[in-house]
Amino acid sequence: MSDIIEAIETEKDSLTIYLDDGREMPCQIVMIFRINDQKYIVLIPDDSSSDGKGFLMRFDIDGSGAPVVENIGDDDEYSRASSAFHKLYDDNEGESFTFTE
């Protein structure tokens, strides 16, 4: 059985994530997509420090409608999500993208 991979439309263009040290990092949303039932989000920092690199994270919406993002701890899941994103993004945008790990 093959994975179902699709981009998810969103009206939001930014999201603030909270780093392990408690700092806030405002980010631009590059894409939200899903593989089967798991959603993922790709973000780039709003500041100029990204150098064309972004973050790939799990994504969900909690019961109150707030976004929830978390790191992907499993290497196989990360690789699968990265490959799926590149297929969707490269097909739509015609350019490559790298992630900060």
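Leaving aside neighbours within four places in sequence, which residues is Ser82 in contact with? In this predicted model, the answer is a short list: Leu56 and Phe99. Ser82 itself sits in helix 1, and its relative accessible area of 15% puts it among the buried residues, since the cut-off for buried is under 20%.

Stepping back to the whole chain, the secondary structure comes to one helix and seven strands. Read from the N terminus, the order is β-β-β-β-β-β-α-β. The chain has 101 residues, and 30% of them are buried. About 6,700 Å² is exposed, with carbon and sulfur atoms supplying 43% of that area. As for contacts between residues at least 6 apart in sequence, 39% of them join residues at least 24 apart.

What about the inside? The largest nonpolar core has 14 residues, and Phe33, Tyr40, Leu56, Ala81 and Phe85 are the ones with the most contacts inside it. Strand 3, strand 4 (38-45) and helix 1 each put in at least two residues, and helix 1 gives the largest share, six residues. Apart from this core lies another one, made of ten residues, including Leu15, Cys27, Ile29 and Leu43.

Phe33 deserves a look of its own. Its relative accessibility is 0%, so it counts as buried. Once neighbours within four places in sequence are set aside, the contacts of Phe33 are Glu6, Ala7, Ile8, Gln38, Lys39, Tyr40, Val42, Leu56, Ala81, Ala84, Phe85 and Leu88. One of those contacts, Phe85, is also buried, again with a relative accessible area of 0%.

The aromatic side of things is quickly told, as the structure holds two aromatic pairs. In one of them, Phe33 and Phe85 are 6.2 Å apart centre to centre, with 35 degrees between the planes, and the pair is classed as tilted. Why does this pair tie together parts that are 52 residues apart in sequence? Because Phe33 lies in strand 3 (residues 24-35), while Phe85 lies in helix 1 (residues 75-93). Ring pairs also bring in Tyr40, so that Phe33, Tyr40 and Phe85 are linked into a cluster.

Strand 2 (residues 14-18) has two faces: Leu15 and Ile17 make up the covered one, whereas Ser14, Thr16 and Tyr18 make up the uncovered one. Leu15 turns up again in the ten-residue core. Strand 2 pairs with strand 3 in the antiparallel sense, over five bridges, and the bridge partner of Ile17 in strand 3 is Met25. The hairpin of these two strands has five residues between the strands, and there Gly22 takes a positive phi near 90 degrees.

Then there are the charges. Side chains of opposite charge can pair when their charged atoms come close. Here the count comes to five salt bridges. In one of them, the side chains of Asp3 and Arg80 meet at 3.3 Å, N to O. Asp3 belongs to the segment before strand 1 (5-8) and Arg80 to helix 1, so this pair ties together parts that are 77 residues apart in sequence. Both ends are partly exposed: Asp3 has a relative accessible area of 34%, and Arg80 is at 38% relative accessibility.

Glu6 and Arg34 form another salt bridge through their side chains, at 2.5 Å, N to O. With Glu6 in strand 1 and Arg34 in strand 3, the parts tied together are 28 residues apart in sequence. Glu6 counts as partly exposed at 34% relative accessibility, and Arg34 does too, at 22%. Glu6 also appears in the contact list of Phe33.

A further salt bridge joins Arg58 to Glu70, whose closest N and O atoms are 3.1 Å apart. This one links distant parts of the chain: Arg58 is in strand 5 (residues 53-61) and Glu70 in strand 6 (residues 67-70), twelve residues apart. Glu70 is partly exposed, with a relative accessible area of 40%. Through shared partners, salt bridges join Arg58, Glu70 and Glu77 into one network.

Terms used. Residues are numbered from 1 along each chain as its sequence is written. This is a predicted model: local features need pLDDT of at least 70, side-chain atom pairs count only at pLDDT 80 or more; totals for chains, interfaces and linings use all residues. Side-chain values use heavy atoms; hydrogens and water are left out. Rings of Phe, Tyr and Trp (its six-membered ring) pair if their centres lie within 6.5 Å; planes under 30 degrees apart count as stacked, over 60 as edge-to-face and the rest as tilted. Helices (H or I, at least four residues) and strands (E, at least two) are DSSP runs, numbered from the N terminus. Buried means under 20% relative accessible area, exposed over 50%, partly exposed in between (1.4 Å probe, protein chains only). A nonpolar core is a set of buried Ala, Val, Leu, Ile, Met, Phe, Trp, Tyr and Cys residues joined through side-chain atoms within 4.5 Å. Contact means heavy atoms within 4.5 Å. Two strands pair if DSSP finds at least two bridges between them. Accessible areas come from the Shrake-Rupley method with a 1.4 Å probe; for residues, only the protein chains shown count as cover. A salt bridge is a side-chain nitrogen of Lys or Arg within 4 Å of a carboxyl oxygen of Asp or Glu.
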